Amino acid sequence: MRNCVCAFLVVSLLSIGPALARTMWVKGNIHTHTTESDGDASPQAVADWYSTRGYDFLMITDHNKLTDPAKIKCREGFLLIPGEEVSDGYSGTPIHVNALGIDKPLPPTGGTSRLDVMRKNVQMIVDAGGLAMVNHPNWHYALSAAHLSRAGQCNLFEIANFSTGCNNEGDAEHPSLEVVWDDVLTQ
């Protein structure tokens, strides 16, 4: 399957090569925390760090808190995108979904299963005009490829998060997020 995906990607890139030559590439972060939840620096300090290190945009995604980008001063040309990490769970298992580009705080929805919690939060984010991204699905091994392939209106999930316990590489009983990504694409 990986060879098919790679071949498709190469053919696709070749066909859009001229468009890529005119594309402006930017660098940013769409999942970061501040002292407004469990980060170690203020929203202003976090924005300053990214804007002075060659990043073009940032989305502060504190747990269940929307940080107003208008309250943060940044260099001209640096884009702050409103966002929040909707932090929910089921039976002690954390299920976190980023809400990208929202304009109001979104409370966790809860649900009757891991899949239900994820789908309800994704739908709430989409209904609020945002874009949903499932965060660190291997944290506590909360969400499998089977869950992610049924995420509803969500086509984004994190395949690398270097916070403690995110289990990007999996273990003897759980696949790595790279394998999960391949499984979701296959499904």
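User: Buried means under 20% relative accessible area (1.4 Å probe, protein chains only). How many residues of β5 are buried?

Analyst: This is a predicted model, in which local features need pLDDT of at least 70, side-chain atom pairs count only at pLDDT 80 or more, and totals for chains, interfaces and linings use all residues. Residues are numbered from 1 along each chain as its sequence is written, and side-chain values use heavy atoms, without hydrogens or water. Strand β5 (a DSSP run of E, at least two residues, numbered from the N terminus) spans residues 93-100. It is mostly covered, and the buried count is 8 of 8.

User: Which residues of β5 point the other way from Thr93, Ile95, Val97 and Ala99?

Analyst: In a regular strand the side chains alternate between the two faces of the sheet. In β5, Thr93, Ile95, Val97 and Ala99 point one way, and both sets are buried. The residues that point the other way are Pro94, His96, Asn98 and Leu100.

User: In what order do the strands of the open sheet run?

Analyst: Two strands pair if DSSP finds at least two bridges between them. The sheet has 4 strands, and its pairing is mixed. β4 and β5 are antiparallel over 8 bridges, β5 and β6 antiparallel over 4, and β6 and β7 parallel over 2. The order is β4-β5-β6-β7.

User: Which strands stand at the edges?

Analyst: An edge strand here has a single partner, so one side of it is left without a neighbour in the sheet. That is the position of residues 83-90 and of residues 156-157. The edge strands are β4 and β7.

User: Which residue takes a positive phi in the hairpin of β4 and β5?

Analyst: The hairpin has 2 residues between its strands. Within the paired strands, Ser87 stands opposite His96 of β5. The positive phi lies near 50 degrees and belongs to Ser91.

User: Which residue of β6 stands opposite Val97?

Analyst: β6 covers residues 131-134. It also pairs with β7, where the bridge partner of Met133 is Leu156. On the β5 side, Val97 is buried, and opposite it stands Val134.

User: At about what angle to β5 does helix α4 run?

Analyst: Helix α4 (a DSSP run of H or I, at least four residues) holds residues 114-127 and lies across β4, β5 and β6. Angles run from 0 to 180 degrees between N-to-C directions of axes fitted to C-alpha atoms, for helices over the stretch in contact (heavy atoms within 4.5 Å). Relative to β5, α4 runs at about 15 degrees.

Key. Buried means under 20% relative accessible area, exposed over 50%, partly exposed in between (1.4 Å probe, protein chains only).
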